[in-house]
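Here is a friendly tour for anyone new to reading protein models. Please keep the structure open beside you as you go.

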Amino acid sequence: MYEVIMYDGGIYRSDELFELIEDVGGVVLMKTRSAQMLTVTMSIPSEDRKVVEALCKDIGGQVKEVPLAGTEIAVVGPTLGRHHMPHPICDVAEYLRRCGAVTVVMGLARGRGKNTSQISLEETSIIDEYDACVFMLGNFKSCVETKADLLVRKINVPTVLMCGPKPEGIEETCDAIVHGVGRKASRMRDSEDRAKLEEVSDRVEEILADKKRSLEEDPPFVHPSEIKALLENYPPIDMCLRPAPIVMHLDGLRAKISYEEYHEEIENMLVYGRRLGDVCVIAPSKINDSSMLIRIKTRSQVAYEDSLKAVQ
């Protein structure tokens with residue numbers, strides 16, 4: 001059994017930490033360096049956690065729980081304008097990052113106005129690439145109820161709706177609702193605001209726990225961290241200057257390199273003696289060609305395809 005934890009500290013003696021993670025059979029999910037500070041999200045065997053924690057404290061760092069590690073979450077507002085993209089959206093995205101998730105803030109092209117708002121097929125396709133979505137609406141009850149039914153209902157990934165007033169009659173449009181957080185011009189620094197941020201994180205953790213349980217019934221053929229370890233030394237990814245060139249999802253990964261240029265080479269890589277293209281569905285991201293999505297097939301899918309090949 002593997003556990004996911006985060007090291008938060010300096011870069012001093014960090015090479016010892018990376019060596020220990022490799023020695024115990026763990027995987028570095030993400031590392032972020034800012035000046036002399038370093039955060040490392042890692043997946044390690046449960047029986048070796050005490051050893052890793054002891055080293056982290058010995059080199060002057062802290063160990064934190066990261067319940068959302070290995071996920072990518074979209075935080076969506078109706079538009080990118082000041083009217084709809086206030087401080088709370090950024091605070092929510094940052095709080096989810098501190099819980100281990102990789103977050104992306106998005107705004108719709110035509111989300112403003114109760115009677116004119118809409119969401120395009122392209123926008124829903126982009127949002128559906130993520131593990132979950134936090135959709136933030138405003139302060140007017142009738143507007144929230146109308147937009148939730150129009151916009152949020154079309155999203156197919158687990159969704160948490162944030163809004164000011166408590167809406168009615170839209171429980172089936174999303175997986176969870178957090179009310180009491182509307183548009184405001186100040187940061188969420190008060191104790192009540194921080195409690196709301198924690199509530200959002202808890203709701204996201206709950207809906208992702210349901211998704212994890214459904215995946216456990218028919219798990220992916222390989223764990224996403226194993227494919228991440230395979231791709232890390234691939235030159236185009238190793239030399240990629242974009243933040244987090246490989247982002248893990250619950251059922252796959254996002255690789256931030258061109259699909260057209262590199263998908264054939266990645267499909268021909270071997271994992272457990274099989275081509276990656278045979279055990280994964282590799283497709284270009286709907287955002288643009290600079291990213292590709294790697295969805296890992298389940299064990300039953302791979303077994304079914306093997307049986308078809310055997311018959312032929």
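## A four-stranded sheet

In this predicted model, four strands form an open sheet in the order 10-11-15-14, and their pairing is antiparallel. At the edges lie strand 10 (246-249) and strand 14 (280-284), each of which pairs on one side only. On average, neighbouring strands of this sheet are turned by 20° against each other, direction ignored.

Look at strand 11 (residues 252-255) and strand 15 (residues 292-296): four bridges link them in the antiparallel sense. Leucine 253, for example, has isoleucine 294 in strand 15 as its bridge partner. Helix 7 (residues 224-231) packs on the sheet and touches strand 10, strand 11, strand 14 and strand 15. The direction of helix 7 makes about 170° with that of strand 10.

## Helix 6 and its cover

Helix 6 (residues 191-217) has 27 residues and reaches 39 Å from its first C-alpha to its last, close to the 39 Å expected. Among its buried residues are Val200, Val204, Ile207, Leu208 and Lys211. In an α-helix, residues three or four places apart point the same way, because there are 3.6 residues a turn.

What covers the buried residues of helix 6? The cover includes helix 3 (87-98), strand 5 (72-77), strand 7 (132-136), strand 8 (159-163) and strand 9 (176-179).

## Cysteines without a bond

How many disulfides does the structure hold? There are zero. The sulfur of cysteine 56 cannot form one because the closest cysteine sulfur, in cysteine 99, is 18 Å away, too far for a bond. Likewise, the sulfur of cysteine 99 is 17 Å from its closest cysteine sulfur, in cysteine 90, which is too far for a bond.

Cysteine 56 counts as buried, with 0% relative accessibility, and cysteine 99 counts as buried at 11%.

How values were computed: Residues numbered from 1 in each chain as written. Predicted model: local features only at pLDDT ≥ 70, side-chain atom pairs only at ≥ 80, totals over all residues. Heavy atoms only, no water. Helix = DSSP H or I, 4+ residues; strand = E, 2+ residues; numbered from the N terminus. Expected span 1.5 Å × (residues − 1). Buried < 20%, exposed > 50% of the residue type's maximum accessible area, 1.4 Å probe, protein only. Contact = heavy atoms within 4.5 Å. Pairing = 2+ DSSP bridges. Axes fitted to C-alpha atoms, helices over the stretch in contact; angles between N-to-C directions. Disulfide = S-S within 2.5 Å.
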